[in-house]
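Biologist: I would like to learn how to read the sheets, helices and cavities of a model like this one. Could we go through it feature by feature, with the general idea first and the case here afterwards?

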Amino acid sequence: MSSSSSVPRLVIAAPSSGSGKTTVATGLMAAFAARGLAVSPHKVGPDYIDPGYHALASGRVGRNLDAYLCGPELIAPLFLHGARGADIAVVEGVMGMFDGAAGEGELASTAQVAKLLRAPVVLVVDASSQSRSVAALVHGFASWDPEVRVGGVILNKVASDRHEALLREALESAGVPVFGVLRRAAQVDTPSRHLGLVPVAERRAEAVDSVAAMAEQVRAGCDLEGLMALARGAGALSCAAWDAAEVLGAAPPDPHRPEGPRPPQTPDGLDSSTPGSTAPVVAVAGGPAFTFSYAEHSELLAAAGGEVVVFDPLRDEQLPDGTRGLVIGGGFPEVFAAELSANEPLRKAVAALAETGAPVAAECAGLLYLCRELDGQPMCGVLDAEARMTEALTLGYRDAVAVSDSALAVAGTRMRGHEFHRTVVEPGAGDIAAWGVRTPRRRLEGFVQRGVHASYLHTHWASEPGVARRFVERCRTS
């Protein structure tokens, strides 16, 4: 088994969205895992859904690598954190290989992540409507940025043996090896809706079948030995793996310590003494309605001294015993509005917890759940706001600054986030807003009241780990 700094790795990229990256990446993960290898799955960008399929394929937590949300300097450390103990890592790209944050050059692109990881790229090409032209396309992508190493090609949606022969003949002149040829296969298609693929949690049995079909197609059509050899050629990384406890520094303060001078303050406004003897329970919403979360959030909460307990708002009628704080991430509450509304005992429990001033962090779906209503269905009623579905898609990266002190951050804290929804909340901000957001115009967004911090903005706490420490400290003292 390789050390994490030299773990074999591949980045699966494509000229454009819809070329078959998810099929190839997920199929490779499952095919390598079926050979008994420990496969570390990763996804470029803020996408929450593909990592669910990656986790199903590999048996390990799917993790995101987003250079906009976390900064380029954290990409390799976060990768090494996820790849601990792995025999190979597979990184699925985002959009076209050179597409990134709008107006920010290469920032957050697959190409940038490949360079930061010193990883070879396998280009997935939709060959359904071309033959000899494929050579020009591949040559262009392979030569555009000399720092990006395109190590090979996988041809997708190839129509016939004759079509394959024409493609291979053309690509000989491009000097880029062909590591696989996949035919069109309906059984590997996964259903999608207004925000992309349907999450694994909503279609577990069907998702298992889809992943198995992807694995078989990749196993039958790709040179796994050649791809592994390519992966072994990745350059060693000189940085250390990200570690939640290390980035938090010293643990949160002990509320039971003897009176005496307070230790030095950390940038997030909390001191840095020893942890309390009892870990406060932090309830984290999960289940089919709330599938959007970054694994590092729970790891940071635990490292800060919290006891993380996952619950399902569709099924559980009470919060976990001893809950002192609540985290409700993103997902699809609009799909499950009737079921969420029908679970009145839990809605009342959430409202009662918020009323006590306990810290509650809600993002996007969590924001909708805390409103009075969602599409006419009663929700928790924590916020004096109503939510509804719309036809318009709100999508994009955001620069944000905390405009007030909250359970997550002190005023002035700057974070980067991402919005992705087809809903609207009216009003869009409370009397005390959560964020000042530039989109590109500046606006106030979200709600801060008592211990509640609710917003459409998805953030990655690895970029500002003090958020987790501050939240757990509020759990101890609220």
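Modeller: Let us start with the helices that lie on a sheet, for which two ideas are needed: contact means heavy atoms within 4.5 Å, and angles run from 0 to 180 degrees between N-to-C directions. With that in hand, helix α15 (residues 466–477) can be read as lying across β10, β12 and β13, at about 145 degrees to β12. Please keep in mind throughout that this is a predicted model.

Biologist: Which strands does helix α13 touch, and what angle does its direction make with that of β12?

Modeller: I would first set out the sheet itself, an open one in which six strands follow the order β11-β10-β12-β13-β21-β20, with mixed pairing. Its edge strands are β11 (307–311) and β20 (447–449), each of which pairs on one side only, and the twist from one strand to the next averages 15 degrees. Helix α13, residues 344–355, packs on this sheet and touches β11, β12, β13 and β21, while its direction makes about 110 degrees with that of β12.

Biologist: In what sense do β13 and β21 pair, and over how many bridges?

Modeller: Two strands count as paired if at least two bridges are found between them; here β13 and β21 pair in the parallel sense, over four bridges. To place one residue in that ladder, Ala361 has His453 in β21 as its bridge partner.

Biologist: What is the strand order in the sheet of seven strands, and how do its strands pair?

Modeller: That sheet is also open, its order is β3-β2-β4-β1-β5-β6-β7, and the pairing is parallel. The edges are held by β3 (63–65) and β7 (178–183); each has a single partner strand, so one side of each is left without a neighbour in the sheet. On average, neighbouring strands of this sheet are turned by 25 degrees against each other, direction ignored. Within the sheet, β5 (residues 121–126) and β6 (residues 150–158) pair in the parallel sense over six bridges, and Asp126 has Asn156 in β6 as its bridge partner. Helix α4 (residues 75–82) lies across β1 (9–13), β2 (39–44), β3 and β4 (88–92), and runs at about 165 degrees to β3.

Biologist: Loops are harder for me to judge by eye; is Ala108 buried or exposed?

Modeller: A residue counts as buried when its relative accessible area is under 20%. Ala108 is found in the loop between β4 and α5 (110–116), and it counts as buried because its relative accessibility is 4%. Leaving aside neighbours within four places in sequence, its contacts include Val44, Asp66, Tyr68, Val94 and Tyr397. The C-alpha atoms of Ala108 and Gly71 are separated by 8.6 Å, although these residues are 37 apart along the chain.

Biologist: Where is Asn343 placed, between which two helices?

Modeller: Asn343 sits in the loop between α12 (337–342) and α13, and it too is buried, with a relative accessible area of 6%. Not counting residues up to four places away in sequence, Asn343 touches Pro313, Leu314, Arg315, Asp316 and Glu317. Of these contacts, Leu314 is 29 residues away in sequence and 6.8 Å away in space, C-alpha to C-alpha.

Biologist: How many cavities of 30 Å³ or more does the count give?

Modeller: A cavity is a space where a 1.4 Å probe fits but cannot get out, and here the count comes to two of 30 Å³ or more. The largest holds about 200 Å³ of space. It is lined by 22 residues, of which His297, Val327, Gly329, Glu363 and Trp461 are the closest to its centre. By class, this lining has 14 nonpolar, seven polar and one charged residues.

Biologist: Which residues are the closest to the centre of the second largest cavity?

Modeller: The second largest cavity has a volume of about 50 Å³, and of its 11 lining residues the closest to the centre are Gly331, Glu334, Cys364, Leu368 and His421. Strand β17 gives the most to this lining, with four residues, and the classes are six nonpolar, three polar and two charged.

Methods:
Residues are numbered from 1 along each chain as its sequence is written. This is a predicted model: local features need pLDDT of at least 70, side-chain atom pairs count only at pLDDT 80 or more; totals for chains, interfaces and linings use all residues. Side-chain values use heavy atoms; hydrogens and water are left out. On a 1 Å grid over the protein atoms alone, a cavity is a set of points where a 1.4 Å probe fits but cannot get out, and a pocket is an open set with protein on both sides within 12 Å along at least five of seven lines; lining residues have an atom within 4 Å of a point. Grid points are joined across faces, edges and corners, and a volume is the space filled by probe spheres set on the points. Ala, Val, Leu, Ile, Met, Phe, Trp, Tyr, Cys and Pro count as nonpolar, Asp, Glu, Lys and Arg as charged, and the others, Gly among them, as polar. Buried means under 20% relative accessible area, exposed over 50%, partly exposed in between (1.4 Å probe, protein chains only).
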